[in-house]
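Trainee: May I ask for a close look at a single residue in this model, and for an account of its setting in the protein as a whole?

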Amino acid sequence: MEHPYLFFVKLFEMIGLGHFAHSNVHVIYMWVVMAILIILGWLAGKNTQMVPGPVQNVFEVLISGLEEFMVDVTGEEGRWLFPLVASIFLFVFLGNLVGLVPGFFPPTANLNTTAALALTVFVFTHVIGVKYHGAKYYKHFIGPVWWMIPIILPIELIGHFARILSLSFRLFGNMMGHELVLGILFGLAGAFFAPLPIMALGIFVALVQAFVFFLLSVMYFTGAMEHAH
């Protein structure tokens, strides 16, 4: 179910791209989220001062808090991964949040978007494993002794591929469920009053879902690094 009015879809209809807009709503609003993040990042980095302004202050508190939390989990060794996981967190959080704006659609309520994010984490997890272990990374999948390979290997493979499902379906299901509830309330009780409690709760849901995705990504990356010790 979609919002009764999607602002950017209407804009695309006006320039003759209505068919593309209706079949790729999540792509359009993913571009919108990316544009907002780029503009906010430019504003936060512009004229950086010792005494921060409002935008710089918000970004400093948010980024430093996430970085300290991640370093507590991974140690100093994982600090170089922060740009990736911070980008994922900001994209998921803002992607969730835009769904609360009338006329906007959350790109994270589409399985294609969440699957792309999950695949990024999945692939990068194994890039980290190879980076830290080299060819010996395969030993993680076969267990400590050779005769347990038929048991350990299928379990490890299923467990790793299940990460894609857990990341993508969990985020997609929660955000789509929220959109469905909003759509039902819009239809039953009007566009302004009834959805307000759900929209207030939606801010909390957007933050929690982004943080869970961030935390799981950090844990997967940490697990790939730990085998180096």
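Mentor: A residue is called buried when its relative accessible area is under 20%, exposed when it is over 50%, and partly exposed in between, with a 1.4 Å probe and protein chains only. The residue to look at is Asn110, which counts as buried because its relative accessibility is 18%. The model is predicted, so local features need pLDDT of at least 70 and side-chain atom pairs count only at pLDDT 80 or more, while totals for chains, interfaces and linings use all residues. Residues are numbered from 1 along each chain as its sequence is written, and side-chain values use heavy atoms, without hydrogens and water.

Asn110 sits in the loop that joins helix H5 (82-97) to helix H6 (111-133); helices are DSSP runs of H or I with at least four residues, numbered from the N terminus. Leaving aside residues up to four places away in sequence, Asn110 touches His26 and Phe172, where contact means heavy atoms within 4.5 Å.

The wider setting is the division of the protein into domain 1 (1-51) and domain 2 (54-227), bounds that come from an automatic or database domain assignment. Domain 1 gives 23 residues to the contact and domain 2 gives 21 residues. The C-alpha centres of the two domains are 21 Å apart. Together, domain 1 and domain 2 bury about 1900 Å², of which 77% is on carbon and sulfur atoms; this is the accessible area that two parts lose on being put together, summed over both. The rule finds 0 salt bridges across this interface, a salt bridge being a side-chain nitrogen of Lys or Arg within 4 Å of a carboxyl oxygen of Asp or Glu.

For contrast with the buried Asn110, consider Leu188 in helix H7 (residues 149-189). Leu188 counts as exposed because its relative accessibility is 70%. Leu188 and Trp147 are 41 residues apart along the chain, and their C-alpha atoms are separated by 62 Å.

An intermediate case is Leu11, whose place is in helix H1. Leu11 is described as partly exposed because its relative accessible area is 32%.

In summary, Asn110 is a buried residue in the loop between H5 and H6, and its contacts include His26.

Notes: Helix = DSSP H or I, 4+ residues; strand = E, 2+ residues; numbered from the N terminus. Buried area = accessible area lost by both parts, 1.4 Å probe.
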